[in-house]
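Please open the structure in your viewer and keep the selection tool at hand. The stops below say what to select next and what is to be found there.

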Amino acid sequence: MKMLGQQGYVGMYGEAELASPQHVFYSEALTFRSARHNWQIQPHRHREIVQMFVLESGGCEARIDDKVLQVRAPAVLLIGQGQMHGFAWQIGSTGRVLSVASALLSELTPSSLLHQLVAKQCWQQLPASAFSEILTVCQALKEEENSQALMADAMIGAQLQQLLILLLRQGVEENRSSSGLRKSRRKLERFKQLVSEHASQQHQVSWYAAQIGVSASHLNQICQAELQVTALKVIHQQLFTEAQRLLLFSDMPVTQVADRLGFDEPAYFARFFKRHSGDTATEFRHRQHF
């Protein structure tokens, strides 16, 4: 199984960074970490790790980047690499947490499908038959992780792929039950995917419109109809979210953050951040850390 380098792995919540990881897959009972922290997991993120929370009973309030989700069992919650996330769990909630290197998931699943999974983020109130299949795979993963059997790493990869396929199929079933996505909705999802991948390099609505095959005005119409915001607002929200991440979880100077996000002038970034936050970037970083 592919190993991560020392700079590409962060330990689990509440633990020091692992200097020499031996695995790119790790599973544990939900209660193992949540109960130790009084069922309150403060906002944090993991580099190059995707996490799946398979919730058998109970629920939580999940804060993921700028969103708040009310999650109730039976459910599967997927946290993408680099996403800030925190939980207020109901006491006694049960389930399993799977932590997987994003590089490994990319090998198992085409990037476009993996993006669909991360964008979906949460499957709630799953049909009993579908959730039973997911639990069966989770149990198999647990057993294989602890075994010394021949080609255990390969088996774990196959089981993870099975789990991803089950989640993708469930998403397809949900789409069928709602008569599928309209053409405009499909274009919106493509736009959001492109923004997620390129917002730090491309700030212009016209560039995204060209990639999707529509005019800038048409893309704006789609965003206004589906999201009640402009296409530029979608781009700016992604930039602001990533700016918050870099300010909170890196030691980069503000000028370097601006450069990383594709701003030609630090002063432009300063105005951009102040407009969205109400604070300067330096004030925001100081207030969050102290």
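Begin by selecting strand 4 and strand 5 together with the turn that links them: this hairpin has two residues between its strands, and one residue to look for here is Asp65, which takes a positive phi near 55°. The model you are looking at is a predicted one. Strand 4 covers residues 59-64 and strand 5 covers residues 67-72, and the two run antiparallel, joined by six bridges. If you pick out Arg63, you will find Val68 of strand 5 standing opposite.

**Other residues with a positive phi**

Most residues other than glycine have a negative phi, and most peptide bonds are trans. Select Glu48, whose phi is near 60° although this residue is not a glycine. Glu48 sits in the loop between strand 2 (40-44) and strand 3. Is Glu48 buried or partly exposed? With a relative accessibility of 34%, Glu48 counts as partly exposed.

Move next to Gln228, in the loop between helix 8 and helix 9. Gln228 is not a glycine either, and its phi is positive, at about 65°. The relative accessible area of Gln228 is 58%, so this residue is exposed, the cut-off being over 50%.

**A cis peptide bond**

Return to the end of strand 5 and select Pro74, which lies in the loop between strand 5 and strand 6 (75-79). Show the backbone here, and look at the peptide bond from Ala73 to Pro74, which is cis, with omega near -5°. Pro74 has a relative accessible area of 22% and is partly exposed.

Which residues does Pro74 touch, if those up to four places away in sequence are not counted? They are Leu55, Trp123, Gln124, Gln125, Leu126 and Phe131. Now add Ala128 to the selection: although Pro74 and Ala128 are 54 residues apart along the chain, their C-alpha atoms are separated by 8.4 Å.

**Helix 4 and its two sides**

From Ala128, extend the selection to the whole of helix 4, residues 128-145. Its 18 residues, at 1.5 Å a residue, should span 26 Å, and the distance between the end C-alpha atoms is 26 Å, which agrees.

Colour the buried residues of this helix, namely Ala130, Phe131, Ile134, Val137, Cys138, Leu141 and Glu144. If you turn the view until you look down the axis of helix 4, these buried residues fall within an arc of 145°, and therefore they line one face of the helix. An α-helix has 3.6 residues a turn, so residues three or four places apart point the same way. On the other side of helix 4, give a second colour to Ala128, Ser129, Thr136 and Glu143, which are exposed.

**Strand 8 and its partners**

Select strand 8, residues 94-101, which is mostly covered, since seven of its eight residues are buried. Then add strand 1, residues 25-29, which runs antiparallel to strand 8 and is joined to it by five bridges. Strand 3, residues 49-57, also pairs with strand 8 in the antiparallel sense, here over eight bridges. Keep Val100 of strand 8 in view: Phe25 stands opposite this residue, and Val100 is also the bridge partner of Val50.

**The nonpolar cores**

Now select helix 6 (183-198), helix 7 (205-212), helix 8 (216-227), helix 9 (231-249), helix 10 (254-260), helix 11 (266-277) and helix 12 (281-289), the elements that each give two or more residues to the largest nonpolar core. This core has 33 residues, and those with the most contacts inside it are Phe191, Tyr208, Leu219, Leu261, Phe269 and Phe273. Which helix gives the largest share of this core? The largest share, nine residues, comes from helix 9.

Centre the view on Phe191 and show its neighbours: leaving aside residues up to four places away in sequence, Phe191 touches Tyr208, Ile212, Leu219, Cys223, Ala231, Val234 and Ile235. Apart from this core lies another, of 29 residues, among them Val24, Val100, Phe131 and Leu141.

**The whole chain**

Finally, select the whole protein chain, which holds 12 helices and nine strands. Of its 290 residues, 43% count as buried. The accessible surface of the chain comes to about 15000 Å², and 51% of this area belongs to carbon and sulfur atoms.

How values were computed
Residues are numbered from 1 along each chain as its sequence is written. This is a predicted model: local features need pLDDT of at least 70, side-chain atom pairs count only at pLDDT 80 or more; totals for chains, interfaces and linings use all residues. Side-chain values use heavy atoms; hydrogens and water are left out. A nonpolar core is a set of buried Ala, Val, Leu, Ile, Met, Phe, Trp, Tyr and Cys residues joined through side-chain atoms within 4.5 Å. Buried means under 20% relative accessible area, exposed over 50%, partly exposed in between (1.4 Å probe, protein chains only). Helices (H or I, at least four residues) and strands (E, at least two) are DSSP runs, numbered from the N terminus. Contact means heavy atoms within 4.5 Å. Accessible areas come from the Shrake-Rupley method with a 1.4 Å probe; for residues, only the protein chains shown count as cover. Two strands pair if DSSP finds at least two bridges between them. The expected span of a helix is 1.5 Å times one less than its number of residues. The arc is that of the directions from the helix axis to the C-beta atoms.
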